[in-house]
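Me: I've got a protein structure open and I'd like to talk it through. Can I fire some questions at you?

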Amino acid sequence: MEKGIIFDMDGTLWDSSENVARSWDKVIQKEAGGLRRITREDIKRVMGHTMTEIAQMLFPMLDLKEAVELTDKCGLAENEYLREHGGVLYPDLEATLKTLAKRYPLFIVSNCQKGYIEAFLEFYRFGGYFRDFECFGNTGEGKAVNIERVIRRNGLKEAVYVGDIQGDYEASVKAGAKFIHAAYGFGTIESDAPRIMRLPELERVLDTLLF
């Protein structure tokens with residue numbers, strides 16, 4: 001059995017909030033009668049939540065069914081936009097992935113819609129770095145369940161989840177994974193968990209957790 005590293009997406013690997021906001025705003029203006037405008041700050045505020053939670057947070061003026069349907073339309077448009085435009089990678093991401101992949105199997109677990117992780121991997125041609133991934137859009141489950149699934153189906157003896165918000169920490173605890181806080185990301189953690197301020201610090205911190 002192996003030791004593996006599981007990454008969150010938003011606020012950990014990249015910041016796609018600007019392009020996500022653009023894609024969502026186009027859909028809402030065209031298909032929802034300009035119900036509201038969507039800004040980068042709106043998207044950053046909801047990243048890390050499941051798509052159902054995002055629907056409730058961004059469209060409280062709609063009933064849940066309508067809000068989820070609109071969110072699903074936005075998610076599809078978002079995937080296509082990101083496949084063409086990408087997002088903003090955090091500094092030294094590929095160099096860090098290349099180094100870590102020589103020592104550990106790498107994975108992604110996100111609360112995103114189906115197709116979002118694939119858009120990221122396709123745009124940057126990062127598929128070769130990651131053995132497996134899972135998301136809310138595939139399973140209808142939150143991060144804790146999906147982290148546990150990735151651990152189980154890949155036969156991991158130990159796993160570390162790298163994420164940036166409190167929900168990431170809580171999910172890792174529930175799943176039985178260790179946690180590293182990507183403190184350069186979108187959120188803070190109410191814990192004394194190990195943290196990194198830059199991606200190149202990750203290898204050193206991992207050495208203290210997995211050996």
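Me: Let's start with D168. Which helix does D168 lie in?
Reply: Keep in mind that this is a predicted model. D168 falls within residues 166-175, and that stretch is helix 9.

Me: Is D168 buried or exposed?
Reply: The cut-off for buried is under 20% relative accessible area. D168 has a relative accessibility of 1%, so D168 counts as buried.

Me: Which residue's side chain makes a polar contact with the side chain of D168?
Reply: Leaving out residues up to four places away in sequence, D168 touches D8, K143, Y161, G163 and F179. The side-chain polar contact, at 2.3 Å, is with K143.

Me: On to the sheet. Which strands stand at its edges?
Reply: The sheet is open, with 6 strands paired in parallel in the order 5-4-1-6-7-8. A strand with a single partner has one side left without a neighbour in the sheet, so the edges are strand 5 (132-135) and strand 8 (195-196).

Me: What is the bridge partner of A182 in strand 8?
Reply: Strand 7 covers residues 178-182 and runs parallel to strand 8, with 2 bridges joining them. For A182, the partner in strand 8 is I196.

Me: And helix 9, what angle does its direction make with that of strand 7?
Reply: Helix 9 packs on the sheet, where it touches strand 6 (156-163) and strand 7. Its direction and that of strand 7 make an angle of about 170 degrees.

Me: Now helix 6. How many of its residues are buried?
Reply: Helix 6 (residues 116-124) lies across strand 4 (106-110) and strand 5. Its buried residues are Y116, I117, E118, A119, F120, L121 and Y124, and they pack against several elements, including helix 4 (64-85) and helix 5 (93-101). Helix 6 is mostly covered, and the count of buried residues is 7 of 9.

Me: Which residue just after helix 6 takes a positive phi?
Reply: The spot to check is just past the end of helix 6. With a phi of about 55 degrees, the residue there is R125.

Me: What about V88, is it buried or exposed?
Reply: V88 sits in strand 3. Not counting residues up to four places away in sequence, it touches W14, D15 and Y124. Its relative accessible area is 53%, and the cut-off is over 50%, so V88 is exposed.

Me: How far apart are the C-alpha atoms of V88 and S16?
Reply: Along the chain, V88 and S16 are 72 residues apart. In space, their C-alpha atoms are separated by 5.9 Å.

Me: Time for empty space. Which residues are closest to the centre of the largest cavity?
Reply: The structure holds 2 cavities of 30 Å³ or more, and the largest has about 180 Å³ of space. Helix 1 (17-31), helix 2 (40-46) and helix 3 (51-58) each give two or more residues to its lining. Of the 18 lining residues, the closest to the centre are D10, M47, M51, I54 and Q113.

Me: Last one: which helix gives the most to the lining of the largest pocket?
Reply: The largest pocket has a volume of about 230 Å³. Of its 13 lining residues, the closest to the centre are G48, N111, K143, G167 and A171. Helix 8 (143-153) and helix 9 each supply at least two lining residues. With 4 residues, the one that gives the most is helix 9.

Notes:
Residues numbered from 1 in each chain as written. Predicted model: local features only at pLDDT ≥ 70, side-chain atom pairs only at ≥ 80, totals over all residues. Heavy atoms only, no water. Buried < 20%, exposed > 50% of the residue type's maximum accessible area, 1.4 Å probe, protein only. Polar contact = N/O pair within 3.5 Å; in protein donor to acceptor, adjacent residues only side chain to side chain. Contact = heavy atoms within 4.5 Å. Pairing = 2+ DSSP bridges. Axes fitted to C-alpha atoms, helices over the stretch in contact; angles between N-to-C directions. 1 Å grid on protein atoms, 1.4 Å probe; cavity = no way out; pocket = protein on both sides within 12 Å on 5 of 7 lines; lining within 4 Å. Points joined across faces, edges and corners; volume = space filled by probe spheres on them.
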